[in-house]
Amino acid sequence: MNHRSPQSRLRAYLLGSPAGSPAAPEQPGRWRVERDLLDRSDGTRGTFTGVVLFTPTDDDGLALREDGTMRWPAFTGPASREYVLKASTRPDALDVFFPDGRPFHRMSFTPDSSLDAHWCDPDTYRVSYTCLSPDSFSYSWDVTGPRKDLLLVSHLVREAP
């Protein structure tokens, strides 16, 4: 009987592979993302709309690439970012790294590990993940400190293959 670990279930969820499905060539998971941006210091609002692609890596991790359009009062145009997700010491999570290998935060949907923080001198970034359905999840970043006071809320919905 094939029992997947919680990490492989989270990885499979992001890729769009049903848990317990027979081994098949892994395809990238494609998600539509809509993000609301709020600068609480002055009330400025913006949005980001685009696509997030989770691509399997040779070490059983995932490469995350986000491409889309950012709309902010002083800027409207293309925006992108990349991260690398790897197995975590927690069985129900994946660790997120910057492309250069620096640690960023932990991703998980379980109640006892869905919250994490990242300190980026001199501000603190707190993230909270929520699985909404088999085909949607959200996460929010609450950024506070002397330079930033932001709330960034992202909603992702799986795109059909």
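Start with the enclosed space: there is one cavity of 30 Å³ or more. A cavity here is a set of points on a 1 Å grid over the protein atoms alone where a 1.4 Å probe fits but cannot get out. Points are joined across faces, edges and corners, and a volume is the space filled by probe spheres set on them. The largest cavity holds about 150 Å³.

This is a predicted model, where local features need pLDDT of at least 70, side-chain atom pairs count only at pLDDT 80 or more, and totals for chains, interfaces and linings use all residues. Residues are numbered from 1 along each chain as its sequence is written, and side-chain values use heavy atoms, without hydrogens or water.

**Select the cavity lining.** Pick L64, Y83, H105, Y129 and Y139. Of the 15 residues that line the largest cavity, these lie closest to its centre. Lining residues have an atom within 4 Å of a point. Now colour β2 (44–56), β3, β4, β6 and β9 (136–144): each gives two or more residues to this lining. Strands are DSSP runs (E, at least two residues) numbered from the N terminus. The lining divides into 12 nonpolar, one polar and two charged residues. Ala, Val, Leu, Ile, Met, Phe, Trp, Tyr, Cys and Pro count as nonpolar, Asp, Glu, Lys and Arg as charged, and the others, Gly among them, as polar.

**Move to a pocket.** A pocket is an open set with protein on both sides within 12 Å along at least five of seven lines. The second largest has a volume of about 450 Å³. Select R35, R81, Y83, Y125 and L152, the closest to its centre among 21 lining residues. β1 (29–39), β3, β4, β7 and β10 (149–158) each supply two or more residues. This lining has 14 nonpolar, two polar and five charged residues.

**Show the strands.** An open sheet of 10 strands runs in the order β6-β5-β4-β3-β2-β1-β10-β9-β8-β7, with antiparallel pairing. Two strands pair if DSSP finds at least two bridges between them. At the edges are β6 (103–108) and β7 (115–120), each pairing on one side only. Zoom in on β3 (residues 62–72) and β4 (residues 75–87), which pair over 11 bridges. There, T69 stands opposite P78 in β4.

**Finish with cysteines.** How many disulfides does a search of the whole structure find? Zero. A disulfide is a pair of cysteine sulfur atoms within 2.5 Å. Select C120: it is partly exposed, at 35% relative accessible area. C131 is also partly exposed, at 39%. Partly exposed lies between buried (under 20%) and exposed (over 50%), using a 1.4 Å probe and protein chains only.

How values were computed
Helix = DSSP H or I, 4+ residues; strand = E, 2+ residues; numbered from the N terminus.
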